[in-house]
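Welcome, and thanks for taking a look at this one with us. Below is a short briefing to read alongside the model.

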Amino acid sequence: MALRIEVSPEELEEIRKRKGEIETRFRDIEGLERTLKALRLRLLRERKEKLERKLREMEDHYRELVEFEERAKRDREFMLNLRRELSLENRELRKRLGGGR
């Protein structure tokens, strides 16, 4: 897996300004190790932030799904009660209509 580092235009300008310092650091093994460690930490931090964002999105979607499910249960219960009431009303109306003949 190739490691790819993206930098903003501001970061690229800073790199260009500090080119000599960076080249010296890359010649120095300890500097190279520090640079590698800093880059690794940056990559891990970016991955962590991305995962945290994804987790928040999933939690939001889950919460919406649970709310939808609860609303659907309430709506179903309401419709069953309404159906029961209409059935009773229809029965009463049939009795009245049948009794008036």
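How much space lies in the largest pocket? In this predicted model, the answer is about 480 Å³. The points below start with that pocket, move on to a second one and a surface patch, and then turn to salt bridges.

**The largest pocket**

- The lining is made up of 14 residues, and those closest to the pocket centre are Ile15, Ile22, Thr35, Leu39 and Arg42.
- Three elements each contribute two or more residues to this lining: helix H1 (9-17), helix H2 (19-27) and helix H3 (29-99).
- Which of them gives the most? That is H3, with 5 residues.
- By residue class, the lining holds 7 nonpolar residues, 1 polar residue and 6 charged ones.

**The second largest pocket**

- This pocket has a volume of about 300 Å³.
- Its lining counts 13 residues, with Leu3, Arg4, Leu43, Glu46 and Arg47 the closest to the centre.
- Here the split is 7 nonpolar and 6 charged residues, with no polar residue.

**A nonpolar patch on the surface**

- Leu3, Ile5, Val7, Leu12, Ile15 and Leu39 come together as a nonpolar surface patch, and their combined accessible area is about 460 Å².
- Ile15 is a handy residue to follow: it belongs to helix H1, is part of this patch, and is also among the residues closest to the centre of the largest pocket.
- Is Ile15 buried, partly exposed or exposed? It counts as partly exposed because its relative accessibility is 38%, and partly exposed covers the range between the 20% and 50% cut-offs.
- Leu39 likewise appears both in the patch and among the residues closest to the centre of the largest pocket, while Leu3 is in the patch and among those closest to the centre of the second largest pocket.

**Salt bridges around Arg18**

- How many salt bridges does the model have? The count comes to 7.
- Arg18 pairs with Glu14, their closest N and O atoms being 3.9 Å apart; the cut-off for a salt bridge is 4 Å, so this pair falls within it.
- Arg18 also meets Glu21 in a salt bridge, with an N to O distance of 2.8 Å.
- Each of these side chains belongs to a partly exposed residue: Arg18 has 33% relative accessibility, Glu14 has 36% and Glu21 has 44%.

**Salt bridges around Arg42**

- Arg42 and Glu46 form a salt bridge, with 3.2 Å between the closest N and O atoms.
- Why are these two separated by about one helical turn? The reason is that they sit 4 residues apart in helix H3.
- Glu11 joins in as well, linked with Arg42 and Glu46 in a network of salt bridges.
- Arg42 is partly exposed at 23% relative accessible area, and Glu46 is partly exposed at 40%.
- The pair also ties back to the pockets: Arg42 is among the residues closest to the centre of the largest one, and Glu46 is among those closest to the centre of the second largest.

**A long-range distance**

- Ala72 is found in helix H3, where it counts as partly exposed at 35% relative accessibility.
- How far apart are Ala72 and Arg18 in space? From C-alpha to C-alpha they are 61 Å apart, with a sequence separation of 54 residues.

Conventions: Residues are numbered from 1 along each chain as its sequence is written. This is a predicted model: local features need pLDDT of at least 70, side-chain atom pairs count only at pLDDT 80 or more; totals for chains, interfaces and linings use all residues. Side-chain values use heavy atoms; hydrogens and water are left out. On a 1 Å grid over the protein atoms alone, a cavity is a set of points where a 1.4 Å probe fits but cannot get out, and a pocket is an open set with protein on both sides within 12 Å along at least five of seven lines; lining residues have an atom within 4 Å of a point. Grid points are joined across faces, edges and corners, and a volume is the space filled by probe spheres set on the points. Ala, Val, Leu, Ile, Met, Phe, Trp, Tyr, Cys and Pro count as nonpolar, Asp, Glu, Lys and Arg as charged, and the others, Gly among them, as polar. Patches are made of residues with over 30% relative accessible area and no salt bridge: like charges are joined within 9 Å, nonpolar side chains (Val, Leu, Ile, Met, Phe, Trp, Tyr) within 5 Å. Accessible areas come from the Shrake-Rupley method with a 1.4 Å probe; for residues, only the protein chains shown count as cover. A salt bridge is a side-chain nitrogen of Lys or Arg within 4 Å of a carboxyl oxygen of Asp or Glu. Buried means under 20% relative accessible area, exposed over 50%, partly exposed in between (1.4 Å probe, protein chains only).
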